[in-house]
Amino acid sequence: MPRAKSPSFSVDMEIRIRYMNIEFPLIIPNTAHCDEFRGRSVDDIMTPDSLFEDIKRAEADLFDLDSAQVYIVNDAYRPTPTALILDWLAQHNRLNGDSIFIVATGTHAAPTEKQLRSIFGNHLSSLRRRIIIHDSRRAEELIEVGHDNDGSPVLLHRAVAEADRIVVIGSVEPHFFAGYTGGRKSLFPGVCDYATTVRNHNRAVSFEAMPMKLKDNPVDEHLRGLMKLVHDKMLFGIQVVCAADSENVNVYIGQLDDAFQRACRAAEYVYGATVDHSYDLLLAEVLPPLDSNLYQLQKSLENCQRAVTDGGTIVLFSSCHEGIGSSGFYHLADKWRPGMRFTGEEAFGWHKLERVHKINQRVNVCLFSELPDEIPEKVFFSPVRSPQALVDSYFQDNEKAALAVVRDAGHTVLISP
């Protein structure tokens, strides 16, 4: 894979870090070797007309989009340009006036009104009466569709379980333990029951589960098994890969798994950055929407940590302005101790604690955020109040340290040789 790196620097320089709605400078001494990593642009920019041509070809093999019974869309914790896709579909009369739109929240909280406006854009008012917010714990809205390879029952939202023609609008980015977002994740965990999600996520304790890895990934293997439970459904995939730092997108159309696999190959090019050596200090810039809470922060850590040398330091810049993000995960930290393994629904999130703890044994994991110090400390992040003081102190003791700056660390994945 080609490298996605800016030229190195060996002189005093100012690095500007994006944080919330500002950029603030960090001065790096001239003794430092600094590499900067960021994503790439997509190769072929999709337009409404080219999208329509791809849709017509896919409709010949699947079904006419305007006959879809259900649209599955992401919640606000993915950078999916759902409103833009809906705009384009509406331009070509491909939105069924009777279809249901279900927001695939997985185990996330229901979207706020502001988030719903972000998801649906100008279509919110016309679609509102047909929008369903998935709740993985609302048993009366779920139907059993079979058993997974653990022999445990698997339930889907009734609207999806009873439909034959389903459109899945999702975006494909690196995911820290499923390999990639998108595709099958819109259904599992997007619109399935809580217990199934817990069983799937518990497999993430293995470090074979990592960003941009599907082969031999135990989380993805479980997801592929779950997808066999919906083999009788026609799943029309609209899978988006967003260009780094721009609104340009490419869209992959077709049967869901085929569209997902093609999008994964594009996402590897856009988001992957090869490195040829390890770094002593790594500064990871976390951008919206992944900077919103502590629970989402781990994506950025996992994307970068393999490029940090043993004993090195990684600093994450994330406001966490929404707070913890998962109170259950935070309270689980009260009970969890290194090496403990939990089962059952009450254990959801222990894989994250296990992984951060293991990473923290190898490297120093720091966080610059708006959170009170005791909150990140509880889940193995060391709070930082002055990034410049940390940088100055680090280089005072390590004059020739190798430094990496990672832009949009929630999506940029550093790939070690």
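The following exchange between a trainee and a mentor concerns a predicted model.

Trainee: In what order do the six strands of the open sheet stand?

Mentor: The pairing in this open sheet is mixed, and the twist averages 20 degrees from one strand to the next. Within the sheet, strand 4 (residues 70–74) and strand 9 (residues 165–171) pair in the parallel sense over four bridges, with V73 standing opposite I169 of strand 9. Read across the sheet, the six strands follow the order 6-5-4-9-12-13.

Trainee: Which strands of that sheet have one side left without a neighbour, and why?

Mentor: A strand at the edge of the sheet has a single partner strand, so one of its sides is left without a neighbour in the sheet. The strands in that position are strand 6 (131–133) and strand 13 (249–255).

Trainee: Which strands does helix 8 lie across, and at about what angle does it run to strand 12?

Mentor: Helix 8 covers residues 256–271 and lies across strand 9, strand 12 (234–242) and strand 13. This helix also supplies the largest share of the largest nonpolar core, namely eight residues. Its angle to strand 12 is about 10 degrees.

Trainee: Which residues of the largest nonpolar core touch the most other members?

Mentor: This core has 47 residues, and a second, separate core of 43 residues includes C304, V356, L367 and V379. In the largest core, V251 is one of the residues asked for, and, leaving out residues up to four places away in sequence, V251 touches M46, L51, D54, I85, W88, I238, Q239 and V240. The full set touching the most other members is F120, F236, I238 and V251.

Trainee: How many of the five residues of strand 17 are buried, and what are the bridge partners of L316 and C366?

Mentor: Strand 17 (residues 364–368) is largely enclosed by the rest of the structure, because four of its five residues are buried. Five bridges join strand 17 to strand 16 (residues 308–317) in parallel, and two bridges join strand 17, again in parallel, to strand 18 (residues 382–383). The partner of L316 is L367 in strand 17, and the partner of C366 in strand 18 is S382.

Trainee: Which side chain of opposite charge is nearest to K299, and how far away is it?

Mentor: K299 lies in helix 9 (residues 298–304), and, beyond its neighbours within four places in sequence, K299 is in contact with R78, H175, F176, L290, A409 and G410. Although K299 is buried, it has no salt bridge. The nearest side chain of opposite charge is E173, at 8.3 Å.

Technical notes: Residues numbered from 1 in each chain as written. Predicted model: local features only at pLDDT ≥ 70, side-chain atom pairs only at ≥ 80, totals over all residues. Heavy atoms only, no water. Buried < 20%, exposed > 50% of the residue type's maximum accessible area, 1.4 Å probe, protein only. Lys, Arg positive; Asp, Glu negative; His and termini not counted. Salt bridge = Lys/Arg side-chain N within 4 Å of Asp/Glu carboxyl O. Contact = heavy atoms within 4.5 Å. Pairing = 2+ DSSP bridges. Axes fitted to C-alpha atoms, helices over the stretch in contact; angles between N-to-C directions. Core = buried A, V, L, I, M, F, W, Y, C linked by side-chain atoms within 4.5 Å.
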